[in-house]
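Open the model in your viewer and keep a selection box handy. We will go from one stop to the next, and at each one I will tell you what to pick and what is there.

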Amino acid sequence: MAILYQHKIQEQLSLITKSASQPFISWSEIIPAVDPAHFFMLGEVSSFRDRFYWSDRLNETVYVGLGCTYVIAVEGDQQRFAAVEKEWKRFIGMTAIRSNGTEAVPLIFGGFSFDPLKPKTEQWVGFSDAKFIVPTVLLSIKEGHATVTITLPSQNNKKMIESVVQLFDLLYHEQFRRSDSFPSIVKYEEIKKYEWIYAVGKIIHDINNGKFDKVVLAREVRFTFDDRLDAGVVLERLREQQPFSYLFAFEQNGNCFIGASPEQLVKKEGNTCYSTCLAGSIRRGKTISEDEQLGQWLLQDEKNLWEHQFVVDMIKEAMMEVCENVKIPGKPQLLKMRDIQHLYTPVVAENRGDVSLFSLVERLHPTPALGGTPREKALETIRKMEPLYRGWYAAPIGWMDALGNGEFAVAIRSGLLQGNEASLFAGCGVVGDSEPLSEYEETKVKLKPMLSALGVELDE
């Protein structure tokens, strides 16, 4: 069976190349079931160095991309959302798509920086203010059915075809076995901890003087290990530990931005649009009784309900501008993750016209849950007072296909893996009755998913 699939792939790609009239070709084929995490790990030992991973909260849709056939990158705030969309449409126009009896089509995967106006640091070099790739090999798993989509230049692609065949040889002959060992920590740093606590206090003072209503302030912790971190192992741990989160990983040149986010930004499926209001959080209880008490406290706490309503109002306004039949429940419910529970309100609407997914992402980013309100004043304050460059943390990450469908999550509960170092990020919403040390403790709770994935246990 394996040899048959390898031969078929090589034969079909060669035939399509010979008859291609477009600069690029894309060919899809149904394949036997494959573990997507294992497929992601194959990128390390194949000739494909760029790779990504995405799964939705219900694990119904999983995408794994290896290699990069085409890249779209934008620096600065030069209409980056529209620029990516325009270039993606141009690429689709240059591509001969052979779905081969499947429903598969090419897609792009990538993300945006949180704030293109804040100077970039060396830590995030290579992660443009907008960057999306068309993978050479895309594994799609939808409701358990696996499809592979191979996208190549139509000319001078012999080496790329050989790499594809080599990849499937590794996949089906199971020549690759990863190590289960994990490196040990040799250094732990809380980056500018006291500067961050001071900034929280200053912002509370400014809010109480009427300068703005809310500002979200993020901080960073950094770990150094005694050996290189394997993004595939971290991803597999996240998959086991955070089964109801969006899982994402975007790796290039050995640097991997990875996380398990509970928060959907927006999804477009035909004319139906979905979004999520997620703000207000507390830890999980150690017993069922304690957990229920904490959840009930969260549902009644004025500070958290106020924070949550900021997000509901903003997303409702943004969706009503371009959608109709916007449906939002009157009260939030609880979304319980492994380490933390949130106030959660789902949003469903019908697209009023030809509004694209990228334009929806632009309208919604950043929500008050990640930036603050009023938006521009909050962003100005973050640029001035937050003691880090967020990079892609708290920004949109996701995919869009050739039909205009797609989904973006908010890249929280995340970290940047670079060789033997890992930088983790967490933020909190600062309002008038916030307390700096309480907000600091809240960020420690939000760091737990990534700490656990790295095998790190910190003292409470």
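## First stop: a buried glutamate

Select Glu307, which is buried, with a relative accessible area of 5%. Keep in mind as you look around that this is a predicted model. Glu307 is part of helix H8, residues 302-322. Show its surroundings and, leaving out residues up to four places away in sequence, you will find that Glu307 touches Lys214, Ala279, Gly429 and Val431.

## Along H8 to H9

Stay with H8 and add helix H9, residues 357-364. The two helices pack at an angle of about 145°, and their axes are 10 Å apart. The crossing of H8 past H9 is right-handed. Which residues make the contact? From H8, pick Met314, Ile315, Ala318, Glu321 and Val322; from H9, pick Leu360, Arg363 and Leu364. Colour this contact of H8 with H9 by class and you get six nonpolar, no polar and two charged residues.

Now step past H9 to Pro366, in the loop between H9 and strand S19 (372-373). The peptide bond from His365 to Pro366 is cis, with omega near -15°. A further cis bond runs from Thr373 to Pro374, with omega near -10°. Pro374 sits in the loop between S19 and helix H10 (375-385).

## Aromatic pairs

Next, display the rings. A pair of aromatic rings is described by the distance of the centres and the angle of the planes. The count here comes to 30 aromatic pairs. Begin with Phe24 and Tyr70: the ring centres are 5.6 Å apart and the planes stand at 80°, so this pair is edge-to-face. Phe24 belongs to strand S1 (residues 24-30) and Tyr70 to strand S4 (residues 70-74), so the pair ties together parts that are 46 residues apart in sequence. Are these two residues buried or exposed? Phe24 is buried at a relative accessible area of 11%, and Tyr70 is buried at 14%.

For another geometry, select Phe52 and Phe109, a stacked pair with 4.4 Å centre to centre and 10° between the planes. Phe52 is in strand S2 (residues 51-55) and Phe109 in strand S6 (residues 107-112), so distant parts of the chain are linked, 57 residues apart. Phe52 is buried, with a relative accessible area of 0%, and Phe109 is buried with a relative accessible area of 0% as well.

Stay on Phe52 and show its contacts. Leaving aside neighbours within four places in sequence, Phe52 is in contact with several residues, including Phe40, Tyr63, Val64, Leu107, Ile133 and Phe250. Measure to Val64 in your viewer: the C-alpha atoms of Phe52 and Val64 are separated by 5.6 Å, with their positions 12 residues apart along the chain. Then widen the selection to the aromatic cluster that includes Phe52, Trp54, Phe109, Trp124, Tyr246 and Trp392.

## Charges over rings

Two arginines are worth a click. The charged end of Arg51 sits over the ring of Phe40, 4.1 Å from its centre. Arg390 lies over the face of Phe114, at 4.1 Å from the ring centre.

## An enclosed helix

Now select helix H6, residues 231-241. Eight of its 11 residues are buried, so H6 is largely enclosed by the rest of the structure. Among the buried residues of H6 are Val233, Leu235, Glu236 and Gln241. To see what covers them, turn on helix H2 (36-45), S2, strand S12 (246-252) and helix H11 (436-453), which are among the covering elements.

## Last stops: unusual phi values and an exposed glycine

Pick Ala394, in the loop between H10 and strand S20 (396-401). Its phi is positive, about 70°, although Ala394 is not a glycine. Ala394 counts as buried, at 1% relative accessibility. Arg413, in the loop between strand S21 (406-410) and S22, also has a positive phi, near 50°. Arg413 is buried, with a relative accessible area of 7%.

Finish at Gly101, in the loop between strand S5 (95-98) and S6. Gly101 is exposed, with a relative accessible area of 80%. Draw a line from there to Asn209: the two C-alpha atoms are separated by 63 Å, and the residues are 108 apart along the chain.

How values were computed:
Residues numbered from 1 in each chain as written. Predicted model: local features only at pLDDT ≥ 70, side-chain atom pairs only at ≥ 80, totals over all residues. Heavy atoms only, no water. Helix = DSSP H or I, 4+ residues; strand = E, 2+ residues; numbered from the N terminus. Buried < 20%, exposed > 50% of the residue type's maximum accessible area, 1.4 Å probe, protein only. Contact = heavy atoms within 4.5 Å. Phe/Tyr/Trp six-rings, centres within 6.5 Å; stacked < 30°, edge-to-face > 60°. Lys NZ or Arg CZ within 6 Å of the ring centre and 35° of its normal. Axes fitted to C-alpha atoms, helices over the stretch in contact; angles between N-to-C directions. Left-handed = near helix turned anticlockwise from the far one by under 90°. Nonpolar A, V, L, I, M, F, W, Y, C, P; charged D, E, K, R; others polar.
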